[in-house]
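I opened the model to look up a few things about the ligand and the chain. My entries are below.

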Amino acid sequence: MGPIEKTLKRLPISADDEKPLWFMRQAGRVLPRYLKLRESYSFDTLMKEPELAAKVTLLPIEDLKVNGAILFSDILVIPEALGMELKFTDAGPRFSSPLSQAPNSIEHLSFDDSKLQHVYKTLEILTRELPQKVTMIGFCGAPLTVFCYMVQGLGSDHDFPAAVSLFYKEEKLRNILLEKITQASIEYAKHQVAAGARVFQLFDTWAGILPAKDFTEIILPYVQRILASIRETGVPVIYFPRGLGLANSAITFEIADGLGVDWQSDLAEIDSIVPADITLQGNLDPRRVKAGWPFVQPALDQLIEFHIARRAKPGKHIFNLGHGVIPGTKMETLQKIVQRIQEK
Ligand code: 1CP
């Protein structure tokens, strides 16, 4: 068992263990070997051909020496498996008809798990190929984030005005859609676990778009259901609710084993408002990382101090960024970050 899984399970880390470390979006954005593969294959092909998806998942293990492998896939596969038409264009992913254009079509969405078989095959290959110390991390998008994309569409306004107005105006349809996403995510996540995921992260990139009270009252129960069904299998879960600020205090150990902290938040402050048994993950600013080594080093050294201080707590800390690696970031900067973390 590797250091990421041990940390989340509150097990002791031995002297020869590495420090727990991975980067959100570590595979598909900056690695030269990934960019080279993209010259020959579309993103869709890389994701849907299990041999290729497994190969891409392994790139950051080999080139960055992280000890977490995040499945190479996307949060948008759930809308696709619910029946929406999705195209990966040069400008990014696009739905043919976002649900705001025809809200009643929400009632006709139906989950087809057979569209996700390639994901499970990828995980099975990886289970055989991953070194012991590397933890296989499965993932999907959280209900609100997936709802936003399904209703609003992609590549548009990240305040999601069409999605949030439907959220308030069409309460019945909203609840139907959140329920469908939740049920699909539970089935998908459990299937990922059966295929070999050892840790599961729920990405809630747009958790911060609702007022905190609505988020905790309306959305959090759906999140909790997904996470609880994964935890029942014995696999620990990390929840990454970006933009939640002080409402992070609602994320207790009842909800998740680990909390992914965004770059906006002060890690020590979050540490003071969440229970000590929750594992914190994060939170280097990816824009600082993009700026280059001299600009990231002072912040990294502070983070290493935090990590050392937190080792006394049951849930400890996992190194990561406070959001995904940004295109244009130098691989060498990421490699230096890993080296410094592991040598200290
Ligand atoms: O390292 C990795 O790349 C791992 C695989 C991975 C993950 C974990 C991809 C591949 N996507 C994701 C999660 C994901 N996808 C999130 C949550 C994390 C985050 O906030 O970064 C989100 C919001 C998406 C949605 C998405 N997929 C967007 C953003 C759209 C928007 O308007 O906000 C985009 C551009 C994608 C496509 C995508 N997903 C992944 C890759 C490598 C790509 C780019 C495809 C290409 O090469 O064209």
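These notes go from the ligand to the salt bridges and then to the backbone.

Entry 1, ground rules. I am working with a predicted model, in which local features need pLDDT of at least 70, side-chain atom pairs count only at pLDDT 80 or more, and totals for chains, interfaces and linings use all residues. Residues are numbered from 1 along each chain as its sequence is written, and side-chain values use heavy atoms, with hydrogens and water left out.

Entry 2, ligand. Which residues are closest to the ligand? I found Ala 27, Asp 74, Tyr 149, Thr 205 and His 323, out of 21 that surround the ligand (a residue is near if one of its heavy atoms lies within 4 Å). By class, I noted 11 nonpolar, 7 polar and 3 charged residues in this shell (Ala, Val, Leu, Ile, Met, Phe, Trp, Tyr, Cys and Pro count as nonpolar, Asp, Glu, Lys and Arg as charged, the others, Gly among them, as polar).

Entry 3, polar contacts (N or O atoms paired within 3.5 Å). The side chain of Tyr 149 has an N or O atom 2.6 Å from a ligand oxygen. For the side chain of Arg 25, I read 2.8 Å to an oxygen atom of the ligand. Gly 28 uses a backbone N or O atom, 3.1 Å from a ligand oxygen.

Entry 4, salt bridges (a side-chain nitrogen of Lys or Arg within 4 Å of a carboxyl oxygen of Asp or Glu). The count by this rule is 18. I looked up the one between Glu 171 and Arg 174, where the closest N and O atoms are 4.0 Å apart. Both sit in helix α9 (residues 171–195), and because they are 3 residues apart there, about one helical turn separates them. Helices here are DSSP runs of H or I, at least four residues, and strands are runs of E, at least two, numbered from the N terminus.

Entry 5, backbone. Most residues other than glycine have a negative phi, and most peptide bonds are trans. Phe 160 has a positive phi, near 50°, and lies in the loop between α7 (143–152) and α8 (161–169). Gly 282 and Asn 283 are joined by a cis peptide bond, with omega about -15°. I placed Asn 283 in strand β8 (residues 279–284).

Terms used
A polar contact is a pair of N or O atoms within 3.5 Å; within protein, one must be able to donate a hydrogen and the other to accept it, and residues adjacent in sequence count only if both atoms are side-chain atoms.
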